[in-house]
Amino acid sequence: MTRNCLLLIGLFLFGFGQDLQAQRRNRTSQPTTATSTPIDSAKWRAEHYVVDRDSAYADPYIGLRKLMGGNRRFVENKSIKPRQDRAILMSTSTGQKPFATIVGCSDSRVPNEIIFDQGVGDLFIIRTAGQVMAQASYGSIEFATAVLGSKLIVVLGHQACGAVDAAVKRPEVPGHIVTLVNSIKPAAQKVRAMGMGEKMLENAIRQNVIEQVNELRDLDPILARKYQKGEVIIVGAVYQLSTGKVEFIPETMKDLPAFKAPAANSSSK
Ligand SMILES: [Zn+2]
């Protein structure tokens with residue numbers, strides 16, 4: 001009886017010590033706010049649009065909210081730079097569970113973890129100029145989905161994309177750059193046919209993302225099947241360089257399938 005009591009007290013003290021360590025970690029890794037709201041309290045989390053990571057990994061619609069919340073923090077200068085300390089490095093060294101896959105442009109002005117205010121192990125990112133995809137990109141996206149269990153895919157274009165601009169203007173380009181131009185050309189031609197005038201580039205950027213979202217939704221043998229079953233959600237967005245805002249494209253957000261958890265989750269390594 002006495003021994004059991006001592007054991008319980010010991011466990012309590014051990015747990016309490018761990019809580020204190022976690023709180024200290026939070027204090028050192030997250031900036032204090034101007035208000036007196038205690039850091040990581042329910043109120044603070046609501047004010048910073050914090051969405052639980054495990055829930056975001058389990059459900060792509062919660063993942064979408066997490067990305068939107070992180071971008072809102074970034075735009076409002078409230079970034080919390082989550083999960084970037086040594087404890088997270090240690091815990092992620094044995095495996096990863098990214099809650100979202102981002103297919104974005106290589107442009108140096110679009111740093112994904114920063115603009116979505118996410119941390120280590122959160123985002124699986126495929127980047128090429130104009131987010132043009134080919135076999136290696138497809139394989140990487142399928143790996144994130146089928147092996148790592150990521151259930152949300154966001155194709156992310158951006159304002160003033162040089163690759164799309166080249167597809168619109170079609171200048172002489174050297175070397176393999178023509179591969180990028182040729183891939184984006186159909187979207188540029190569609191916009192040109194619609195007579196978009198001065199908004200040509202802006203609309204070509206948007207159209208390019210829409211075409212790439214459709215490309216992934218139709219991609220056999222993994223993504224098309226998973227998307228139709230509602231096991232993965234694929235949407236598109238455009239990042240505004242001048243404001244820091246990620247704007248999700250309404251055409252890619254409508255008629256999305258209801259989420260259905262896969263029957264047996266694959267390895268999370
Ligand atoms: Zn670009």
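Helix H9 is kinked by about 45 degrees at Lys185 in this predicted model. The proline Pro186 comes shortly after the kink. H9 spans residues 177-193 and has 17 residues. From its first C-alpha to its last it reaches 24 Å, close to the 24 Å expected at 1.5 Å a residue. Its buried residues are Leu180, Val181, Ser183, Ile184, Ala187, Ala188 and Val191. An α-helix has 3.6 residues a turn, so residues three or four places apart point the same way. The cover over the buried residues of H9 includes helix H8 (162-169) and helix H10 (200-217). Just after H9, Gly195 adopts a positive phi of about 65 degrees.

Ile184 of H9 also figures in the largest nonpolar core, which has 51 residues. Ile184, Val154 and Ala167 are the residues with the most contacts inside that core. Val154 touches Leu67, Ala100, Ile102, Val235 and Ala237, leaving aside neighbours within four places in sequence.

An open sheet of 5 strands has the order E2-E1-E3-E4-E5. Its pairing is mixed. Strand E2 (123-127) and strand E5 (246-248) form the edges, each pairing on one side only. From one strand to the next, the twist averages 30 degrees. Strand E4 (residues 233-239) runs antiparallel to E5, and 3 bridges join them. Val238 has Glu247 in E5 as its bridge partner.

Helices pack on this sheet. Helix H4 (residues 60-75) touches strand E1 (100-104), strand E3 (152-158), E4 and E5. The direction of H4 makes about 35 degrees with that of E3. H10 also packs on the sheet, touching E1, E3 and E4. Its direction makes about 165 degrees with that of E4. H10 thus has two roles in this description: it packs on the sheet, and it is among the elements covering the buried residues of H9.

Two further residues differ in burial. Leu223 lies in helix H11 (residues 223-229). Leu223 is buried because 22 other C-beta atoms lie within 10 Å, where 20 or more suffice. Beyond residues up to four places away in sequence, Leu223 touches Glu142, Thr145, Leu216, Arg217 and Val232. Leu223 and Ala146 are 77 residues apart in sequence, yet their C-alpha atoms are 8.7 Å apart in space. Ser55 lies in helix H3 (residues 53-58). Ser55 counts as partly exposed because it has 14 C-beta neighbours inside 10 Å. Ser55 and Lys66 are 11 residues apart in sequence and 9.5 Å apart in space, C-alpha to C-alpha.

Terms used
Residues numbered from 1 in each chain as written. Predicted model: local features only at pLDDT ≥ 70, side-chain atom pairs only at ≥ 80, totals over all residues. Helix = DSSP H or I, 4+ residues; strand = E, 2+ residues; numbered from the N terminus. Expected span 1.5 Å × (residues − 1). Bend = angle between axes of the 7 residues up to and from the residue. Buried ≥ 20, exposed ≤ 12 C-beta atoms within 10 Å, placed from the backbone. Contact = placed C-beta atoms within 7 Å. Core = buried A, V, L, I, M, F, W, Y, C linked by C-beta atoms within 7 Å. Pairing = 2+ DSSP bridges. Axes fitted to C-alpha atoms, helices over the stretch in contact; angles between N-to-C directions.
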